[in-house]
Amino acid sequence: MFNSLNNRQMSNEFNTVETLNRLEKQIANLQGNILNQKNVLTFSEAAHYTGFSKSYLYKLTSLEKIPFSKPAGKMIFFDRVELEKWLLNNQAIHEEIENAAATYVTLNRKGGRL
């Protein structure tokens, strides 16, 4: 009887964890859908939307490498469409720079040293 009670309790706990995991995924999907419908994203929303860490996103804004606005001089906002364009455009530029750097290193070696 004690064994049966333990098995039932473990089964209930497993079902609860499974349900919580499923609900967590559904909430994440809903949050993603909401972000896709917004035109202007806050800093935290932009970090979530891009998958960048907040510190990396802050670095990009401080170096002005990513389009953003600071209307009141304090809070940072992103235009979702501009952010998407930047994400897609930046990929090609990054690959071009890497290729150019690899070519430069290969062609400009002197005595086996860089």
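**Contacts, aromatic pairs and salt bridges in the predicted model**

Apart from its neighbours within four places in sequence, Thr 61 makes contact with Ile 66, Phe 68, Ile 76 and Phe 78. The model in which these contacts are found is a predicted one. Thr 61 is located in helix α3, and its relative accessibility of 3% places it among the buried residues, for which the limit is under 20%.

The chain contains 4 helices and 2 strands, arranged along the sequence in the order α-β-α-α-β-α. Of its 114 residues, 13% are classed as buried. The accessible surface amounts to about 9400 Å², and carbon and sulfur atoms contribute 56% of this area. Among the contacts with a sequence separation of 6 or more, 42% are made between residues 24 or more positions apart.

Helix α3 spans residues 54-62, and its buried residues include Thr 61 together with Leu 57 and Leu 60. When the helix is viewed down its axis, the buried residues of α3 fall within an arc of 100°, and they therefore line one face of the helix. Ser 55 and Tyr 58 are exposed and are carried on the face of α3 turned away from the buried side. Just after α3, Glu 64 adopts a positive phi of about 55°.

A corresponding description can be given for helix α2. Its buried residues are Phe 43, Ala 46, Ala 47 and Thr 50. Viewed down the axis of α2, these residues fall within an arc of 100°, so one face of the helix is lined by them. Just after α2, a positive phi of about 85° is found at Gly 51.

The aromatic side chains were examined next. The structure contains 3 aromatic pairs. One of the pairs is formed by Phe 43 and Phe 78, whose ring centres are 6.3 Å apart and whose planes enclose an angle of 40°, a tilted arrangement. Because Phe 43 belongs to helix α2 (residues 43-50) and Phe 78 to strand β2 (residues 77-79), this pair ties together parts of the chain that are 35 residues apart in sequence. Both partners are buried: the relative accessible area is 18% for Phe 43 and 1% for Phe 78. Phe 78 is also one of the residues in contact with Thr 61, and Phe 43 is one of the buried residues of α2.

A further pair, between Phe 52 and Trp 86, is edge-to-face, with 6.4 Å from centre to centre and 90° between the planes. Distant parts of the chain are linked by this pair, since Phe 52 lies in the loop between α2 and α3 whereas Trp 86 lies in helix α4 (residues 80-107), 34 residues apart. Phe 52 is partly exposed, with a relative accessible area of 23%, while Trp 86 has a relative accessibility of 14% and is classed as buried. Together with Tyr 56, Phe 52 and Trp 86 make up one aromatic cluster.

Charged side chains were considered in the same model. The search of the whole structure yields 3 salt bridges. In one of them, Glu 45 is joined to Lys 38, and their closest N and O atoms are 2.8 Å apart. Lys 38 is partly exposed, at 27% relative accessibility.

Two salt bridges involve residues of helix α4. The side chains of Glu 84 and Arg 80 meet with an N to O distance of 3.0 Å. These residues are 4 positions apart in helix α4, so about one helical turn separates them. Glu 84 is partly exposed, at 28% relative accessibility, whereas Arg 80 is buried, with a relative accessible area of 13%. Glu 82 forms a salt bridge with Lys 85, in which the closest N and O atoms are 3.8 Å apart. Glu 82 and Lys 85 both belong to helix α4 and are 3 residues apart, about one turn of the helix. The relative accessible area of Glu 82 is 36%, and the residue is accordingly classed as partly exposed. Helix α4 thus holds the Glu 84 and Arg 80 pair as well as the Glu 82 and Lys 85 pair, and Trp 86 of the aromatic cluster also lies in this helix.

Methods
Residues are numbered from 1 along each chain as its sequence is written. This is a predicted model: local features need pLDDT of at least 70, side-chain atom pairs count only at pLDDT 80 or more; totals for chains, interfaces and linings use all residues. Side-chain values use heavy atoms; hydrogens and water are left out. Buried means under 20% relative accessible area, exposed over 50%, partly exposed in between (1.4 Å probe, protein chains only). The arc is that of the directions from the helix axis to the C-beta atoms. Rings of Phe, Tyr and Trp (its six-membered ring) pair if their centres lie within 6.5 Å; planes under 30 degrees apart count as stacked, over 60 as edge-to-face and the rest as tilted. Contact means heavy atoms within 4.5 Å. A salt bridge is a side-chain nitrogen of Lys or Arg within 4 Å of a carboxyl oxygen of Asp or Glu. Accessible areas come from the Shrake-Rupley method with a 1.4 Å probe; for residues, only the protein chains shown count as cover.
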